[in-house]
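New to this one? Let's walk through it together, one stop at a time.

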Amino acid sequence: MNNTVESIRTILLSANYGHEDHPEILECFPNGPKRTIGLVEVTLSDGTKGYGEGYLGVFAPKVFESIVELCKPYLLGKDAFDTKRRYLDLCSVCDYWSLQGAARHTTSAIEIALIDAKSKSLGVPAYKLFGDNFKDKVEVYGSGGICDTKEHFVEELEYLKSLGIKKYKIRSTEKDILRTAWILQEAKKYEIEIGIDMCQNLADPPLTAEEVINFINSVREISSEKILFLEEAVGPTDIKGFQKLKENFDIKICGGEIVTTQEEMISRIDLGAYDFVQPDASVIGGIQSVLEIFEYAKSNNIDTVVHAWGGPVAIMANYHACFASGGKLVELPMIPYDLEPDLFTDQRQIIDGFLIRPNGPGIGITMNENIENKYKFDETAVYSCVVVDRGQPDDDYWRL
């Protein structure tokens, strides 16, 4: 007889993140450098515990906790190994009132926890639930570039150099012409290529395609270095804007991190919005939903590069989805987060610019009572989407 779901609970953890002068802290963390993640713990009838994360916990941890409590009765006593059926049960509970949005983050966390528990119970890494032919390693790109100074950029470039990483994603807006040109030239010294995240998910109003085209053309007047990709360069609903960028540039256009259903991501692929898509298992419904995106994208000659900006549990879930689907590239968040060493232990290894395939059971996360006690939930540790304008050095600072 398969294992059944014995219990479910929410775990909210808060830990030091970055430092008080880091630009992302100044922009998005009104109460200082501390960040919360929202986890679900599922315990099976054989005592196995699995863990999942929903990205919602970073923004609205109490909402995340409430939705988990709402879903709990529909899972208790049910077959935990039938993870697809359990996920569909959760969709039945939540889709009418939250087909897109908060509930999807929560059902993502529960699905990941079930996958983690099942694979632990069977004694295999999570990706092995979905096949048996996997790459030994996947290339990594560094995800940072939220820098106000040259010294901070150089610090991140040196960190990437120490790991052998050759790709680096920075954050830029349309005003950052000289800053972007400067880092393109500086990264060349390290033989590191640059992708640009324009962060239009949080912009209101977002940039138009014409504004982005003007920005890129202005950067190219100063630096001829290749730009690997443009991420979320226009607003998330501006499909025509994404299409126009593809028509005007030889730069890969990508996005999709906030998309919360497979159907919406598939429709964006069909509309030709992206050169590659960026689903996130902690947002779009869990690991199995990401696998569906990989499969559909592959059939349309579109690459999939998982988004991984959540906490350690979300990151490992996305990494396992990547290995299960034959992905070619994964994201490495670069802002220091105190939770990571305790939860990753030795399961996230990066050697010569590549993520080494983890071999521990489950998704490779360590969790115990000591960790819970060490990182107790702080209600003030929330991410604010109302971005504060922190100001920038004047243009002369970045001039080549």
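**Starting from a strand**

Let's begin with a single pairing: Val-140 stands opposite Val-330, a residue of strand β11. Keep in mind as we go that this is a predicted model.

Val-140's partner strand, β11 (residues 329-333), runs parallel to β4, and five bridges join the two. Strand β4 itself covers residues 137-143 and is mostly covered, with five of its seven residues buried. It has further partners too. Strand β5 (residues 167-171) also runs parallel to β4, joined to it by two bridges, and here Ser-143 has Lys-169 as its bridge partner. To get from β4 to β5, the chain passes through helix α6 (residues 150-163), making a right-handed β-α-β crossover. Then there is strand β13 (residues 354-356), which is antiparallel to β4 and joined to it by three bridges. In that pairing, Glu-139 sits opposite Phe-354. If the two senses are new to you, strands of a sheet pair through backbone hydrogen bonds, and they can do so either parallel or antiparallel.

While we're at the crossover, have a look at Tyr-159, which belongs to helix α6. Its relative accessible area is 35%, and because buried means under 20% and exposed means over 50%, Tyr-159 counts as partly exposed. Leaving aside residues up to four places away in sequence, Tyr-159 touches Leu-332 and Met-334. Its C-alpha atom is 9.2 Å from that of Gly-142, a residue 17 places away along the chain.

Now move over to another sheet. This one is open and has three strands in the order β1-β2-β3, paired antiparallel. β1 (5-16) and β3 (49-54) are at the edges with a single partner strand each, so one side of each has no neighbour in the sheet. On average, neighbouring strands here are turned by 25° against each other, ignoring direction. β1 pairs with strand β2 (residues 34-44) over 11 bridges, and Leu-12 has Gly-38 in β2 as its bridge partner. Helices pack here as well: helix α12 (residues 312-325) touches β2 and β3, and its direction makes about 100° with that of β3. Helix α5 lies across β1, β2 and β3, running at about 155° to β3.

Stay with α5 for a moment. Its axis (residues 102-122) and that of helix α3 (residues 61-71) come within 9 Å and cross at roughly 65°. That crossing is right-handed. On the α3 side, the contact is made by Phe-64, Ile-67, Val-68 and Cys-71, which meet α5 residues including Ala-102, His-105 and Ile-110. Sorted by class, this contact has eight nonpolar residues, two polar ones and no charged ones.

Last stop: the backbone's oddities. Most residues other than glycine have a negative phi, and most peptide bonds are trans. Against that background, Asp-204 and Pro-205 are joined by a cis peptide bond, with omega about 0°. Pro-205 lies in the loop between β6 (193-197) and α8 (209-222). Asn-301 is not a glycine, yet its phi is positive, near 60°. You'll find Asn-301 in the loop between α11 (287-299) and β10 (303-304), where it is exposed, with a relative accessible area of 74%. Thr-345 also has a positive phi, about 45°, without being a glycine. Its loop runs between α13 (339-344) and β12 (350-351), and at 43% relative accessibility Thr-345 is partly exposed.

Terms used. Residues are numbered from 1 along each chain as its sequence is written. This is a predicted model: local features need pLDDT of at least 70, side-chain atom pairs count only at pLDDT 80 or more; totals for chains, interfaces and linings use all residues. Side-chain values use heavy atoms; hydrogens and water are left out. Axes are lines fitted to C-alpha atoms, for helices over the stretch in contact, and angles run from 0 to 180 degrees between N-to-C directions. Helices (H or I, at least four residues) and strands (E, at least two) are DSSP runs, numbered from the N terminus. A crossing is left-handed if the near helix is turned anticlockwise from the far one by less than a right angle, and right-handed if clockwise. Contact means heavy atoms within 4.5 Å. Ala, Val, Leu, Ile, Met, Phe, Trp, Tyr, Cys and Pro count as nonpolar, Asp, Glu, Lys and Arg as charged, and the others, Gly among them, as polar. Buried means under 20% relative accessible area, exposed over 50%, partly exposed in between (1.4 Å probe, protein chains only). Two strands pair if DSSP finds at least two bridges between them. A crossover is right-handed if, with the strands pointing away from the viewer, the path from the first strand over the helix to the second runs clockwise.
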